[in-house]
Amino acid sequence: MPTGRITITLEVNGTPRVIAVDPRTTLLDALRECLGLTGTKKGCDHGECGACTVLLDGRRINACLTLAVMQEGHRVTTIEGLASGAALHPVQTAFLAQDAFQCGFCTPGQILSAVGCIAEGRATTRETIREGMSGNLCRCSAYPEIVEAVFLAATQPGSP
Amino acid sequence: MRPFHYERVSEPVKAIAIRAVAPNGRYLAGGTDLLTLMKDGVECPDHLIDINDLPFRHIELDSDELRIGALARLSDVADAELVRREYPLLTQSIEAAASAQVRNAASIGGNLLQRTRCPYFRSETVVPCNKRTPGSGCSAIRGDQRTLAVVGTSAVCSAAHPSDLAVALVALDAHVRLEGAGSTRTVALRQFYQTPDTAPDQDTILRPGELIVEIVVPRLDPRTVGHYAKVRDRASFSFALVSAAVVLRRDGDQMRNVRIALGGVAPMPWRLPAVERALEGTGLDLRGVAGALETILADARPLPGNQFKVSLARAVVHRALQLAAGAA
Amino acid sequence: MTIRPQSGHRVDGLVKVTGRARYAGDVAAEGVVFGCFATSDIPAGKVTSVDTTDAEAEPGVVRIWTHENVPRLPKLTHAAAGESLLPLQTDRVTFEGQGIALVLAETLEAAEEAARRVRATYEVEPAQTDFRMALDQRVVIDDWAPLSTSVGDFAAGLGRAQVKVDQSYRTADRHHHAIEPAAVLAIWDGREMLVHDSTQWGYGVRAALAQVLGLPPTQIRVVSEYVGGGFGAKGSVWPYEVYAAVAARELGRPVKIVLSRSQSFTAHGYQPATDQRVILGATEDGCLTAVRHESINPTAILDDHIEHGTLGTRSMYQCPAIETQEHVVRVHRGSPTFMRTPHEGPGMVGLEIAMDELAYALHLDPLELRRRNYAEHDPTNGKPFSSNALRECYDIGAERFGWARRTHPPKSMRDGNDWVGWGMGNALMGTFRFGASARTTLTRDGRVRIETGSQEIGTGTRTTLPLVAAEILGIPADRITVSLGDTNLPEAGGTFGSSTTIGVGSAVREAATQLRHRLNQLAAEPGLQPHEYGEVLALRGLDQLAAEGGWAPSKESGNFAMFAFGAVFAEVRVDALLRVPRVTRLVGAYSVGRVIDPIGARAQITGGMIWGIGQALMESSTMDHALGRYVSKNLTGGLVPVSADVPDLEVHFADEFDPHASPLGARGVGEIGPVGVAPAIANAVFHATGIRIREVPIRVEHLMGEG
């Protein structure tokens with residue numbers, strides 16, 4: 001079957017990145033295997049766990065449910081690009097403040113999802129945060145702390 | 001995943017032309033369902049035609065109807081101010097579906113075309129399934145029946161349609177506009193899906209190469225109210241066991257023009273015309289609806305493992321009616 | 001005590017929130033080859049042929065091993081093995097999902113696609129995957145704990161009982177569902193095997209690989225910097241780990257295997273379902289006169305795992321006559337394994353629902369019934385408890401929950417559309433203690449490094465150990481760092497059985513004590529202060545000073561019965577129309593000895609409580625017995641709780657010091673959290689609806705059509 005690699009440009013964390021990918025390569029595998037950005041995690045590869053959540057043009061999506069070739073020219077933000085320099089993003093700070101993780105594997109996806117959730121205006125109450133963050137499984141079940149962290153980040157002065 | 005040829009197009013005629021010569025090709029929109037099916041070997045297209053650049057992302061309302069481009073994302077529709085204001089039922093049904101991440105990626109057209117969640121159909125290795133491989137048999141009917149349909153089924157397939165949005169759209173008498181090679185047609189969503197009789201692998205009447213380009217929803221009388229109720233095993237991010245979309249017009253203290261569609265119980269959103277008629281003119285306080293509710297799915301043929309869906313459907317419709325009518 | 005998180009509490013927090021924490025699957029290696037197993041479609045039979053022609057046509061395939069061309073390996077006999085028979089070493093198939101071919105390819109996409117294209121033919125044999133259809137074939141096997149116990153005269157006790165309960169209970173097959181799929185990267189340099197592995201037991205992997213590969217353990221190094229949750233699935237050694245190492249040696253290239261989510265259902269065990277029968281006899285004032293508990297679970301054709309469902313019953317309540325009996329049934333499924341919380345997790349579901357039934361039969365408050373049967377010492381072996389603050393847990397939990405406001409009759413607490421139910425259950429978990437060793441090293445800047453071959457799987461090992469050392473050394477914990485997850489470090493046991501703080505913590509305590517002792521010896525004069533440590537090194541011309549310490553349970557401590565205890569109070573709401581059960585409040589009070597890290601301990605408990613919600617209301621890995629396979633090998637069909645399922649959770653710890661369990665005063669915390677939650681919820685559902693459900697998960701269909 002004809003395939004061969006396709007060369008695409010993605011703007012990843014503010015930097016244009018040119019990569020040659022198998023058309024089958026998901027955005028998730030492109031980030032992890034081609035670009036070495038392993039902060040984005042593969043938990044299920046079927047959009048059922050949220051560990052691969054990234055921002056695509058500012059909106060949260062599952063990186064496992066889209067092909068890299070589909071995202072030619074689009075902006076991708078991963079956990080590696082969230083902090084500006086040494087200054088953590090307020091959501092990262094809030095996760096630290098609330099102890100909102102245990103093993104840490106789902107954490108990058110939780111944080112990117114929280115950034116999206118807050119930007120969507122869904123993080124107004126603990127109840128809406130619980131619903132808005134339900135696309136991200138945490139098997140350690142740090143859910144109470146995650147909800148507090150998102151609430152803190154969404155309501156503190158100067159939050160995103 | 002099987003290797004495939006990938007192509008991105010920006011004109012509908014081009015997409016349709018390519019698809020016409022790629023019999024085992026598929027259109028690729030959000031990809032949220034198709035890619036999982038490809039990963040599990042359920043779908044093995046040799047050609048993916050990426051249609052995301054086609055100009056079908058509009059959400060427009062005029063005096064007659066709401067028109068939604070098939071490539072609008074679920075979240076675009078749910079969040080659109082005019083949808084929230086004029087069709088809160090649509091927003092409710094979309095927000096009850098999947099996760100925020102999936103809703104940001106999944107297209108409206110793709111949502112209507114998503115395949116069943118029957119676990120045998122979606123198995124990561126091939127097991128007998130008439131929807132996946134016609135003629136191979138049905139594993140579900142003598143297997144795990146819990147999520148299967150109870151009505152509109154056949155001896156060959158009992159799979160249920162999983163969409164939440166489609167249930168609301170069918171209650172709203174929506175139509176889909178389809179474009180194929182040299183033809184355009186508009187079909188009531190209620191007639192869009194088909195029961196699994198002779199071709200269980202064909203969920204819809206869509207012809208090969210035809211594209212959904214637009215969803216059209218009639219305008220509602222200002223006194224119309226609606227509610228989408230969904231029962232599932234966990235509080236969020238799971239498919240409906242049973243759901244119900246109810247639309248009715250408040251007329252004094254009576255309900256008129258009642259429309260009810262059920263999800264999770266049939267191979268398509270399942271309207272209840274007899275129940276709708278029986279409820280016509282009954283009180284908004286829901287006194288005297290018990291008899292009509294008892295007839296819901298009276299013609300169902302549940303399996304031992306999903307018998308509960310019949311009584312659950314009655315309860316879900318009851319609750320949706322209460323909330324729509326303001327009687328809860 | 002009320003515990004609130006503090007900013008920066010978890011010392012590895014920064015790397016975790018920035019995506020820099022490196023898990024095994026994140027490690028890159030030059031020239032890596034990706035491995036993917038093709039697995040058996042059938043549960044029983046013989047592989048007659050494996051056709052790899054189509055698979056080999058996939059560009060990038062390097063090699064495909066089947067039972068015909070795989071390197072021959074010895075049986076995996078080490079105690080760390082999850083399964084003894086390595087796949088591909090035989091043509092025999094004993095479960096669906098067993099590996100029948102291993103594809104090694106240049107890219108992940110190629111390995112996965114080629115594995116899908118491997119075609120096997122089989123000589124199919126009759127299979128039984130449903131243990132409930134083979135209960136007459138139950139067997140008794142040897143294990144670390146006895147399968148049966150008896151104390152007193154059960155028949156006589158039951159004979160004088162005025163009230164009896166005799167019921168059967170069921171728990172479901174479940175999976176660990178760690179969000180990190182198991183991953184291994186093996187790198188062979190011609191002499192040493194370096195294995196990056198998402199394991200809960202690096203030293204176990206090293207020993208098992210040494211046995212299979214025929215290498216001395218010193219030539220194998222197992223590294224696990226971070227593990228993305230284990231919950232027991234990564235606590236043993238499984239075939240994918242062995243084959244990554246074998247392939248790396250054969251190919252002379254690094255080999256990475258990351259399980260897919262669907263493979264995770266059959267590649268590293270599951271928590272087996274249990275069928276239980278509980279008989280309780282009591283006097284009319286609620287004193288138990290006889291208890292009998294039976295539990296049966298499925299195990300594999302070739303391997304044994306006993307879910308000791310009656311362990312809790314042997315020790316929970318005072319009663320003159322207690323009998324327990326456990327069995328297994330061999331079925332064509334992969335081996336079950338330990339899963340948070342093994343044994344008491346499923347077992348207490350039966351006992352604690354039965355106790356609620358007894359309370360209703362007696363017209364007695366369920367908490368009061370438990371108080372009346374409080375065990376002053378272990379009722380089966382007669383040993384005193386090392387420490388037990390369960391009565392304090394009853395008091396705190398009931399007070400915080402508001403239990404006194406509960407009205408006893410079922411369906412008596414309606415609120416609007418909802419029936420409200422309040423139920424409770426006891427928690428108990430045996431204390432596992434494993435020996436461990438550690439090294440502490442002081443440097444001139446006054447900082448201390450702890451080194452131990454333990455693991456961080458989310459339980460907070462890197463945070464807890466400095467607290468232990470800080471107490472001994474008198475320096476702030478933030479001046480102490482931890483290195484772990486490497487078999488080049490001093491040996492420690494597996495991160496399982498809620499044992500790490502006890503074992504590794506005690507070893508660190510000993511190493512720190514030795515370090516302080518040597519510093520005192522080196523000091524110029526007595527009365528050395530912690531801020532002077534660096535000066536002592538300078539004085540003696542040393543750059544650093546190290547001390548090792550080890551710990552193992554003492555023989556005398558075996559004279560005590562050791563358990564974590566707890567009392568769990570649950571509120572559920574069931575919509576009277578829709579009948580969907582939802583948990584709206586949980587309060588747990590726990591007796592776990594001294595709590596070393598209150599924030600971390602609280603998180604372990606709340607996480608565990610949420611596991612209990614999952615067990616109670618949704619978790620069930622459904623088998624299709626006609627096909628002999630799991631129905632939904634994914635996280636859509638096999639549900640675990642999401643954020644929206646989680647209500648307010650309240651955790652309290654009794655103020656306690658256990659002088660016998662460990663020098664730290666601590667017992668285990670990590671796995672008591674899930675215990676007792678599911679029965680508390682089931683009992684609350686009964687209180688809400690009047691419908692008694694004797695199996696978990698409890699779902700909407702159980703509550704339709706009655707009440």
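Which residue in β12(B) is the bridge partner of A261(B)? To find out, let's walk through this predicted model, starting with a sheet in chain B.

The sheet is open and has 4 strands, arranged in the order β9-β10-β11-β12 (chain B) with antiparallel pairing. At its edges stand β9 (224-231) and β12 (270-271) of chain B; each has a single partner strand, so one side of each is left without a neighbour in the sheet. Strand β11 (residues 254-263) of chain B runs antiparallel to β12(B), and 2 bridges join them. Here is the answer to the opening question: A261(B) has R271(B) as its bridge partner in β12(B).

Helices pack on this sheet too. Helix α5 (residues 88-95) of chain B touches β9 and β10 (242-251) of chain B, and its direction makes about 10° with that of β9(B). Another helix, α12(B), touches β9, β10 and β11 of chain B, and its direction makes about 35° with that of β10(B).

Helix α12 (residues 308-325) of chain B also leads us to the neighbouring topic, the contact between chains. Chain B contributes 27 residues and chain C 29 residues to their contact. On the chain B side, the largest share, 7 residues, comes from α12(B). That side divides into 11 nonpolar, 8 polar and 8 charged residues.

Now over to chain C, where helix α15 (residues 598-617) and helix α16 (residues 677-689) have axes that come within 8 Å and cross at roughly 50°. The two helices are therefore oblique to each other, and their crossing is right-handed. Among the residues that meet are M609(C) and I613(C) from α15(C), and V677(C) and I681(C) from α16(C). The residues of this contact comprise 8 nonpolar, 2 polar and no charged.

Notes
Residues are numbered from 1 along each chain as its sequence is written. Chains are lettered from A and ligands numbered from 1 in the order in which they are written. This is a predicted model: local features need pLDDT of at least 70, side-chain atom pairs count only at pLDDT 80 or more; totals for chains, interfaces and linings use all residues. Axes are lines fitted to C-alpha atoms, for helices over the stretch in contact, and angles run from 0 to 180 degrees between N-to-C directions. Angles under 35 degrees count as roughly parallel, over 145 as roughly antiparallel, 65 to 115 as roughly perpendicular and the rest as oblique. A crossing is left-handed if the near helix is turned anticlockwise from the far one by less than a right angle, and right-handed if clockwise. Two residues are in contact if their C-beta atoms, placed from the backbone, lie within 7 Å. Ala, Val, Leu, Ile, Met, Phe, Trp, Tyr, Cys and Pro count as nonpolar, Asp, Glu, Lys and Arg as charged, and the others, Gly among them, as polar. Two strands pair if DSSP finds at least two bridges between them.
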